[in-house]
Amino acid sequence: MKIKSAFLCCVFALCFVAVVMGQAADTWKLTASKIDATNYYGITVANGMVGVVSSTEPFKVKDVVLNGAFDLYGRGRVSNILKTFNFLNMYLEVDGARIESFKQVQNYQQVLDMKHANLTTSFEFDDKVSVSYTYYSLRHLPYTALVDVNITAKKEIDITPASVMEAPDMLKDVQNYYNEIDRPHVRISLLTSTAKSPTGKLLMAASNSFLFDEPHGSEPAVIHEMWDNNMHLLKFKKHLKAGETYHFAVAGSAITSAHDDDPLNEAERLTIFAALEGRARLVQFHNNAWDSLWKSDIIIEGDDESQRDVHSMLYHLYSFVREGTAYSLSPMGLSGLGYNGHAFWDTELWMYPGLLVLHPDIARSLLEYRFQRIEAAKHNAFSHGYKGAMFPWESAASGNEETPVWALSGPFEHHITADIAIAAWNYYCVTQDKNWLREKGWPLLKETADFWASRVERNGNGHYDIKNVVAADEWAENIDNNAFTNAAAKANLQYAAKAAAILGIAADPDWANVAANIPILKFDDGVTKEHASYNGEKIKQADVNLLAYPLHEVTDPVAVKRDLEYYEPRVGEGPAMTHAIFAILYARLGMPDKAYKSFHEGYTANMRPPFGVLAETATGNNPYFSTGAGGMVQAMLNGFGGLEITPAGITQLKVKLPKNWKSLTITGVGVDRKTYTVK
């Protein structure tokens, strides 16, 4: 059954590619023109704070997810990321008939413009109107989104557009407000709601307003209607002549008491700000912000299919994070409530590295999230009888352990502590920022090194064992001396000592002693053994092969190839990013076509209709899996691109391209925004 399901997923992925490739080769756009509502996986428009997930229904969005807002509800008795008010939903009536389903309309199409992060839906309704509307989660305004609407009359008609504010079921104590601000030069009608999060911990607020083109005094009269406690709306009426196009927009903001002490007033202030900026300036500044992001790009010459896929991966990573915050990245980003919105090793090992190379300012925000939670990590270590800082496997707002108790990864998947330390060291390597290293990096490196020095069991020279862990291969539970855990702990200890030397601080001499005695187990033929009791069984995901990249514990090409050939056929239906590691290693071994095959195997079977969004596995349906995208971006940068993070900064290894690529250009790399090319 699994083989059949995987085959069908592969067939779909190829069909998706064929549909897209049948169009003009625009590698910046994903077009959905044949939509099946029963097999539809929405695309996300996000700005690192507000995630808007598309729907098949005209003028509707599926979800609005707000970064940084968590409360206890739902699965696992742990904090979950929260949906906020759906402040972008609308409806349209034409001559009194409401358009409620895409089955009522003709020529329905949705187009994601990845270059400027907007989603345009267009359709025709009978012989009366042509409609298009575009969603923006405004990049320059973290809490604000925009819907830009154009309605063209095919004959003389009356239209009634409405903006609907709706509370998701999880919120309680909903309060609805309507406020009209009338000045001599402008009138702003505010549709506002507040509610409490499921436990009452947070106050949620959202507000929106129509933006009209007409001068003050000639704009349509706005009507406020209350439907029920969880829903109210603003609407207006307009008469259109045949051939006339009417344009308007809705701007809105969502914020909570996790972000601001006064979310009700702040939501309205932010909406007023957007309304007075006006649609043209909002879109202009949004586009400018995305133009700046895309100065760091991956450009493939000779393979439009791969180029479009890579743009989609980068687009999602860029959409789910933003600089100047202290928020992390969940495996599903802002595409929904997957994995409760928690932060795992997915952030530091899979998504962070590509962002560090292309946007160090964004990477710094991800590390700031961990830095601000060191005290919680220290308490976690204390609770388990260790010293230093032990970061939780799943983290949300507090930095405490948020793994549901039935998952053994919570108490035992300790490698995440080393993953975070390695990320901190790599940030210094890329930026050479000694002030940051002293203030933020050193505390992370020191406390995590102290953890490992207390975590090992000292059983003699070469046997400072790390026992009873869940491996990076999560099918291996409560085993001893896991290859990745041990190698990551060694790297953590070594990097802490290097940081101390740079800062002129005396390193704990025990760190070097512990690092030198942590074992990396081998089979008799020299293959790295995944853990002490490993005996060749199937594995969930990359573990041993991570010792070659990114850990550089295994460096001899013969040993790298030996481990790769042993473990590649043993990978089960695990998450997508494992094949990215295979691609990187094959590329670095001088086998670019084998690397290309691994690269595509890592994601094509995971693409879901109609936009090709990535699921975690070939038979799973939980997109968008930004962890997998992060792995594939690393395959491009560190595999095919040959980029390498060293203590002296970013360098480039000699690599070869797949035979069907003419060139690979990586722009905006590191703090100096350098360009690297492979031909």
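**Group meeting: strands, one helix pair and some backbone exceptions**

Let me start with helix 3, residues 279–293, which lies across strand 10 (129–137), strand 11, strand 15 (203–212) and strand 19, and runs at about 120 degrees to strand 11. Contact here means heavy atoms within 4.5 Å. Axes are lines fitted to C-alpha atoms, for helices over the stretch in contact, and angles run from 0 to 180 degrees between N-to-C directions. Helices (H or I, at least four residues) and strands (E, at least two) are DSSP runs, numbered from the N terminus.

Before going on, the source of all this. This is a predicted model, in which local features need pLDDT of at least 70 and side-chain atom pairs count only at pLDDT 80 or more, while totals for chains, interfaces and linings use all residues. Residues are numbered from 1 along each chain as its sequence is written, and side-chain values use heavy atoms, with hydrogens and water left out.

Now the sheet under that helix. Strands 10, 11, 15 and 19 belong to an open sheet of nine strands, with the order 1-8-9-10-11-19-15-14-13 and antiparallel pairing. Two strands pair if DSSP finds at least two bridges between them. At the edges stand strand 1 (29–32) and strand 13 (172–183); each has a single partner strand, so one side of each is left without a neighbour in the sheet. From one strand to the next, the twist averages 15 degrees.

Within this sheet, look at strand 11, residues 144–153, and strand 19, residues 245–256: they run antiparallel and are joined by nine bridges. If you want a register point, Asn-150 has His-247 in strand 19 as its bridge partner.

Strand 8, residues 106–113, also holds a backbone exception, Asn-107. As background, most residues other than glycine have a negative phi, and most peptide bonds are trans. Asn-107 has a positive phi, near 55 degrees. Is Asn-107 buried or exposed? With 57% relative accessibility, Asn-107 counts as exposed; the cut-offs are under 20% relative accessible area for buried, over 50% for exposed, and partly exposed in between, with a 1.4 Å probe and protein chains only.

A second asparagine goes with it. Asn-478 has a positive phi near 55 degrees, and sits in the loop between strand 22 (464–465) and helix 11. At a relative accessible area of 32%, Asn-478 is partly exposed.

Next, strand 4. This strand covers residues 61–72, and 10 of its 12 residues are buried, so strand 4 is largely enclosed by the rest of the structure. Strand 4 pairs with strand 3 (residues 50–54) in the antiparallel sense over five bridges; there, Ser-54 has Val-61 of strand 4 as its bridge partner. The hairpin of strand 3 and strand 4 has six residues between the strands, and in it Phe-59 takes a positive phi near 65 degrees. Strand 4 also pairs with strand 5 (residues 79–83), again antiparallel, over four bridges. In that pairing Leu-72 is opposite Ser-79 of strand 5.

There is a smaller sheet to mention by its order. Three strands form an open sheet, ordered 20-27-28, with antiparallel pairing. Its edge strands are strand 20 (298–301) and strand 28 (674–678), each pairing on one side only. Neighbouring strands of this sheet are turned against each other by 15 degrees on average, direction ignored. Strand 27, residues 663–669, runs antiparallel to strand 28 and is joined to it by four bridges, with Leu-664 opposite Val-678.

On to the helix pair. Two packed helices are described by the angle between their axes and the distance between the axes. For helix 9 (residues 415–431) and helix 11 (residues 483–503), the axes come within 8 Å and cross at roughly 40 degrees. Helix 9 and helix 11 are therefore oblique to each other: angles under 35 degrees count as roughly parallel, over 145 as roughly antiparallel, 65 to 115 as roughly perpendicular, and the rest as oblique. The crossing is left-handed, meaning that the near helix is turned anticlockwise from the far one by less than a right angle; clockwise would be right-handed. The contact includes Ala-418, Ile-422 and Trp-425 of helix 9, and Ala-488, Tyr-495 and Ile-502 of helix 11.

Last, the cis peptide bonds. One joins Tyr-549 and Pro-550, with omega about 10 degrees; Pro-550 is in the loop between helix 12 (509–517) and helix 13 (557–567). Another runs from Pro-623 to Tyr-624, with omega near 10 degrees, and Tyr-624 lies in the loop between strand 24 (613–614) and helix 16 (626–640).
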